[in-house]
Amino acid sequence: AAADSVPHPDQPPKTPETPAEPGRDVLGGLDPDQRTAASHLTGPLLIVAGPGTGKTRTLTHRIAHLMREHRVDPAECLAITFTRRAAEEMRARLAALLPDHAARVTVTTFHGLGALLLREQHERAGLSANFRIVEEVEEVEAAKETRDARETDEGEAVGELAAAEDGRADPDTIDFQDLLELPVQLLTKEPDLAAHYRDRWRWISVDEYQDVDETQYALLRLLSTEDGNLTAIGDPDQAIYAFRGADVGFFLRFQADFPAATSVQLTRNYRSSRPIVRGAVQAIAPASLIPGRMLTAHSAETQRIGIFEAADPAAEAAFITRTIDRLLGGTSFHSLDSGRADGHGHHPTGIDFSDIAVLYRTDAQADPIMDALTRAGVPYQKRSHDRLLARPGVREIAGELRQHGTGPLADRLQSAVSALVETRLGQEIEFRSAADLLTPLAAECGDDLAAFLGRLALGAEVDAYDPRADCVALLTVHAAKGLEFPVVFLAGCEHGMMPFWLPGADDHDQAEERRLFFVGMTRAKERLFLSYACRRSRFGTERETGASIFLRAIDPSLLERLDADGAHRGKPRDRQLRLL
Ligand code: ATP
Ligand code: MG
């Protein structure tokens with residue numbers, strides 16, 4: 001199993017895939033171009049296509065097709081995605097297509113793959129079986145200011161297990177970067193080992209290839225030969241991780257690296273309404289890395305993109321909240337009182353809270369939005385990276401577990417907690433609640449302490465999510481990569497925020513910011529709302545902001561100015577938004 005196969009406490013992946021009936025073509029749900037890509041058999045393959053064109057769908061169908069029609073052993077398939085959430089989704093889609101075989105496919109993130117390799121080869125890598133992963137030391141000068149800018153996805157979330165113990169120097173602690181660098185060094189030094197893994201994973205697929213960095217690229221080169229069965233999928237215009245060392249250049253030179261590669265383009269967007277596709281293409285045009293990019297909407301829906309100018313972030317949050325209320329046909333407490341929503345999560349418009357996402361550039365923007373949603377009684381779930389390790393008591397327990405023998409972790413967890421409670425007076429509640437939070441993960445890991453600690457270190461999150469809960473999703477644009485929602489609010493489309501700008505800094509990459517805006521817009525299926533504030537406090541100073549220059553690229557005929565209630569300006573206030 002992959003090192004990061006923690007069920008993600010987030011929206012359950014929506015899986016449009018249905019199991020492949022015996023005799024039914026697993027490629028049946030694909031269009032001709034997608035089918036060409038999915039039925040490509042051997043040798044390198046590059047799928048380069050815009051958002052919503054079915055790249056991820058094609059990839060999962062391709063793996064299912066290989067297993068089903070070409071009798072490829074699932075254990076020989078390796079699929080790499082960018083975030084744990086995306087890996088979860090891919091696993092779910094594969095399981096829906098081929099329920100009997102999907103579990104044997106290795107679906108993981110790059111860091112999960114590194115952890116898997118190191119666990120299997122810990123001796124050769126000079127590590128003990130229980131090596132631990134520690135958090136990278138943040139660069140001191142960068143830490144404070146750029147915390148705001150450096151929006152992370154869960155792939156970046158790392159553990160702090162070393163700090164859990166008594167400070168004893170441990171030669172067996174590695175950091176997050178080592179997770180990839182050590183396997184690269186090892187496989188470079190030991191060609192036989194690299195050959196062993198090439199033989200094991202004869203079919204490798206990489207989603208979001210535009211965001212690989214140098215080490216990830218080196219690892220892939222070691223794991224596949226020049227004419228190997230490597231499928232790379234991506235969109236250079238969605239490259240948004242340069243700040244973390246990703247280099248879109250690796251994508252752009254795939255054909256040179258793998259001269260035998262077949263390249264397939266997909267140009268039909270199945271995700272978004274026509275104005276959203278057109279607006280997004282216009283927005284990315286000035287920075288597009290794909291000359292003459294083609295992207296046409298499959299959908300005939302013509303509802304325009306909503307746009308709202310708010311006085312300040314509070315007014316922006318109020319707009320988002322009221323618009324959500326309208327979209328659902330009235331959801332707040334008042335609406336419940338007046339009987340407009342039935343109180344059972346069924347909304348008259350057919351839209352649920354979980355169909356809605358609010359996206360933003362930096363985490364700090366979420367605060368006023370959460371306040372407004374809370375006041376209106378709108379349930380939401382913020383992707384807060386609520387890591388188990390960050391909870392009080394968890395590190396201490398993790399550090400203590402080693403002293404408690406072998407056997408099922410659930411038992412060891414209990415005895416570790418009892419020991420801690422005895423020595424640390426007054427912290428009983430802390431340790432007992434921490435143990436409760438750790439119990440599901442411990443149960444999943446059985447006897448395997450190394451796996452347990454590894455998953456903690458890789459950012460296992462508090463499993464408090466109720467998958468049936470009907471909640472609005474709040475997340476950063478970075479974390480929304482690859483995902484889709486019927487309704488998307490993209491907040492803070494303003495000067496200084498998107499493109500993001502740090503006071504005193506002048507080296508921000510506007511092209512990357514524009515791509516980020518493009519990624520945000522293209523998460524929406526049916527409705528997209530862009531909003532911005534005219535003033536915003538940042539770093540303790542209130543500044544005049546105003547509309548982002550990115551908005552200027554969009555043809556005004558695709559936009560619809562809205563008032564504070566989310567209604568079209570100039571129309572009666574109680575006019576319902578037409579949704580679907
Ligand atoms: P992104 O660049 O954002 O990652 P993507 O190219 O990976 O996008 P997918 O997520 O695979 O796109 O697909 C987008 C949406 O379009 C999904 O809801 C998918 O089920 C749907 N879709 C893709 N291809 C088809 C098709 N041939 N017929 C119907 N729906 C499709
Ligand atoms: Mg995708």
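**Figure 1. Pro-499 and its cis peptide bond in the predicted model.** Pro-499 is found in the loop between strand β15 (485-490) and helix α20 (510-521), in a structure that is a predicted model throughout. The peptide bond that joins Met-498 to Pro-499 is cis, with an omega of about 10°.

**Figure 2. The seven-stranded sheet.** Seven strands form an open sheet with parallel pairing, and their order across the sheet is β13-β14-β12-β15-β16-β11-β19. The edge positions are taken by β13 (380-382) and β19 (559-561), each of which has a single partner strand, so one side of each is left without a neighbour in the sheet. From one strand to the next, the twist averages 25°. Within this sheet, strand β12 (residues 356-360) runs parallel to strand β14 (residues 472-476), to which four bridges join it, and Tyr-360 stands opposite Thr-476 in β14.

**Figure 3. Helices packed on the seven-stranded sheet.** Two helices are considered here, beginning with α11 (residues 274-284), which packs on the sheet by touching β11 (305-310) and β16 (524-533), its direction making about 50° with that of β16. Helix α14 (residues 366-376), for its part, lies across β12, β13 and β14, and runs at about 160° to β13.

**Figure 4. The six-stranded sheet.** Another open sheet is formed by six strands in the order β3-β2-β6-β7-β1-β8, again with parallel pairing. Because β3 (106-109) and β8 (262-266) stand at the edges with a single partner strand each, one side of each is left without a neighbour in the sheet. Neighbouring strands of this sheet are turned against each other by 15° on average, when direction is ignored. Strand β1 (residues 45-49) and strand β7 (residues 229-234) run parallel and are joined by four bridges, and the bridge partner of Leu-46 in β7 is Ala-232.

**Figure 5. Helices α1 and α3 on the six-stranded sheet, with a nearby loop residue of α2 and β2 as a further detail of the chain.** Helix α1 lies across β1 and β8 and runs at about 150° to β8, whereas helix α3 lies across β2 (77-81) and β3, running at about 165° to β3. In the loop between α2 (55-69) and β2 is found Arg-71, a residue other than glycine whose phi nevertheless has a positive value, near 55°.

**Figure 6. The salt bridge between Arg-268 and Asp-33.** Side chains of opposite charge can pair when their charged atoms come close. Here the side chains of Arg-268 and Asp-33 meet in a salt bridge, with 3.7 Å from N to O. The pair links distant parts of the chain, since Arg-268 belongs to strand β9 (residues 268-269) and Asp-33 to helix α1 (residues 32-39), with their positions 235 residues apart in the numbering. A search of the whole structure finds 27 salt bridges.

**Figure 7. The largest cavity and its lining.** The structure holds seven cavities of 30 Å³ or more, and about 140 Å³ of space lies in the largest cavity. This cavity is lined by 13 residues, of which Thr-56, Ala-86, Asp-207, Glu-208 and Gly-482 lie nearest its centre. By residue class, the lining of the largest cavity divides into four nonpolar, four polar and five charged residues. Helix α3 (residues 84-97) gives the most to this lining, contributing four residues.

Conventions: Residues numbered from 1 in each chain as written. Chains lettered and ligands numbered in written order. Predicted model: local features only at pLDDT ≥ 70, side-chain atom pairs only at ≥ 80, totals over all residues. Heavy atoms only, no water. 1 Å grid on protein atoms, 1.4 Å probe; cavity = no way out; pocket = protein on both sides within 12 Å on 5 of 7 lines; lining within 4 Å. Points joined across faces, edges and corners; volume = space filled by probe spheres on them. Nonpolar A, V, L, I, M, F, W, Y, C, P; charged D, E, K, R; others polar. Pairing = 2+ DSSP bridges. Axes fitted to C-alpha atoms, helices over the stretch in contact; angles between N-to-C directions. Contact = heavy atoms within 4.5 Å. Salt bridge = Lys/Arg side-chain N within 4 Å of Asp/Glu carboxyl O.
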